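Here's a quick tour of two parts of this structure, a strand and a helix. Have the view open and follow along.

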Amino acid sequence: MSLFDFQSREVVHVKVKLCSSTDDAVYKKFSIDPGITTFEVLQRLLARAFDIKCDFTISYLVTDDIGEKVYLSMLSDWDLDAAILSASDPILRLKITLRNFDNGLDSGVFTFHQSYNQSFEDGLNHEDESKMACMDKDWDIISRGELPLQSQAGLLALQRQQQKEQQQQQQQQNHQVALSNSSSVVANGNSSVSQQPPQQQSSSSGGSGPSQFFSQLGSHVGKSMITQMQKAVGGWKLLPELNLPSSSSSGPALPFARQDAMSAPPRPPVSDREFQSHLDSAGRVRDFWALKQAVFLGGLDPSLRKVAWRLLLPVFPKGSTGQERIAFMKRSAQRYFEMKRCWKETYAAGQMSQAHLALITAISKDVIRTDRGHPFYSGGNGNVATGGSMADAAESEYSPHILQLFDLLVTYAIYHPSVGYAQGMSDLASPLLVVQKDEAYAYICFCALMCRTKDNFRRESTAMLTKFQHLHDLIVHMDAELAAFLRCHGLADMFFTHRWLLLEMKREFQFDDTLRMLEVQWAGLPHLFTFPKSADGVPLQEDACIGVASPASASTSAAAAVSPPSPKDTPYLRLQSMLRQSREEASALASSGASATAAVVLKDGVVELPPPEVLGCGNPFLLFMCASMLQEHRDRVMRSCHDMCEIVMHFNRLIRSHNLGAILNRARQMYTEYMEAQDDKFSLALTSGAQLAGSSN
């Protein structure tokens, strides 16, 4: 019996109404497999069914809390899943509204109506057709080629690949020039520094230490590039002023080489030689903040990620040696396989609780849609890549890495009952599995990552609302004009950044760029997340599950805190409902002058931001990444995006085509300015305290 037998619904009937300003409404009916149909796939199906060659929005009919029928916007995979869960019995009713957006995108960047026909060239095999089509003759059958499942097929992938290759070639050329210029500057300024090997420059003290190295490197990138950053970041010296071009500039576009220079990191990635220089003879990290500073500025050489990510997440106890870390990983991997064996035996014995079966259903649905275009997840007979049924086939026929991702997530959900599983967790786990290339090691890293991010996925948590509030405050603090625009158009609650904040920008960039972005983010975490809270290293299960030895006891103890998710009580639906109710209350009370408690409090001005341990729930750099993303597209957003649908569709078009280098550099600059302000406040508090102590004496 396959582990994927618990698909809750194999077919969902869909009835769609097309609304236009000139013609009468047109209706069509068809069926979809909810297990493999993403929001992007649904968009393309609808475009093909109605022969749409312009932009359009989708909404679904649902019954609200007071029993009234309302249409809610469908803008993402979360919305599609919410619609299937709460509004598809017996039929999912959709409405299409044709709209003409000023996408404002450069030539060569994807727009939906330009490429959807090309994407349909990649179709399904005969078995996929029968899976996706409903057998009821009253419903249209989706024919061969109407469902693209290769995420990088067609014109979009070709254009982006060509752009990326051109950028990589230009970056290599510019990087060689930059290193040459840097070498000459160092040689002219201090010959003793230029003669030192890289690891000595990064580990020595005084004039030949890292501050001088980065100062000399920065001399050809821009002025005033090295500043102090104290307190929570442990005395980093970062690059706050990269002279980035403003996206709102009305002047001529910069030459390509200059644009590429703005995308180059402040320093090269950390090499194996440099990484070893941060370790003592026993393998302990000498100065963890110096290592994190280097990663924050330049990222890691890809060959180092498997080892270095375990330090950044963090996995190991403070002060552990190299041998201790190896022993920890072996011991933890053995424990993982024991936990996995335990729940699989429970499943095979038919003792799995309904709560756990619900988790398996959700996870099995998500893993076959996660990074499915990446070569790491190809394999087997190809069914996973083309949408074949996992419920009816032997597990050996599918990619072993997809099955590893499934096992990893089910094990986590069962042994972390207070968290369970929610959509998006598979996105966070996937890069860890790709980099670690080992299921157990990826699970250990995932536990470390979830120690910090788990509140994002809990149904009762307000962590996401807090992040929306902090991002709103940051935009108000940095860019009053943009903040006023967002508020004027009902976007100031920042709900359109839900995917960015929940997945920590994982879906926004090409996969290889995502790996660099993640490690830079983790290197920028404040001191609170430098080491695991437990002195024994990252815990692999919650305390309630410790000591579980038998399948039956595992199912009983872990299920005690797990309840099957209600169709109308997922984290995303709860968050959406709270924000919608807040907007409605604010609108109803605006005329009377009364006030209501808003989910996100809209402000006219923000004088002071929270400290880094608090800002963004402990990941402040993520908020600056979001702010940098908005700055990158500021003009286009303010010109073309006047409601939630428009701004979400705008950024959906740009998925996996953003300029990571420029966005990271701008975020680094803004983050350093924020940290400088925190330093000033901290210094002022110390001075005031000393003065008070002196006056009392």
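## A strand with two partners

Start with strand β1, residues 12-19, and its neighbour β5, residues 91-98: the two run parallel and are joined by seven bridges. One pair to look for is Leu18, whose bridge partner in β5 is Ile96. Keep in mind as you click around that this is a predicted model.

β1 also pairs with β2, residues 26-32, but here the strands run antiparallel, again with seven bridges. To find your place in β2, look for Lys28, which sits opposite Val16.

## Two faces of β1

Which β1 side chains point to the buried face? Val12, Val14, Val16 and Leu18 do, and they alternate with His13, Lys15, Lys17 and Cys19, which point to the other face and aren't buried. So that you can place the bridge pairs on this pattern: Val16, the residue across from Lys28, and Leu18, the partner of Ile96, both belong to the buried set.

## A helix tucked inside

Now jump to helix α17, residues 425-436. With 12 residues at 1.5 Å each, the helix should span 16 Å, and its end C-alpha atoms are 17 Å apart, which agrees.

How enclosed is α17? All the way along: 12 of its 12 residues are buried, so the rest of the structure largely encloses this helix. That run goes from Met425 to Gln436 and includes Asp427 as well as Pro431. The cover over these residues includes α12, α14, α16, α18, α21 and α22. Just past the end of α17, Lys437 has a positive phi of about 55 degrees.

Conventions. Residues are numbered from 1 along each chain as its sequence is written. This is a predicted model: local features need pLDDT of at least 70, side-chain atom pairs count only at pLDDT 80 or more; totals for chains, interfaces and linings use all residues. Side-chain values use heavy atoms; hydrogens and water are left out. Helices (H or I, at least four residues) and strands (E, at least two) are DSSP runs, numbered from the N terminus. The expected span of a helix is 1.5 Å times one less than its number of residues. Buried means under 20% relative accessible area, exposed over 50%, partly exposed in between (1.4 Å probe, protein chains only). Contact means heavy atoms within 4.5 Å. Two strands pair if DSSP finds at least two bridges between them.
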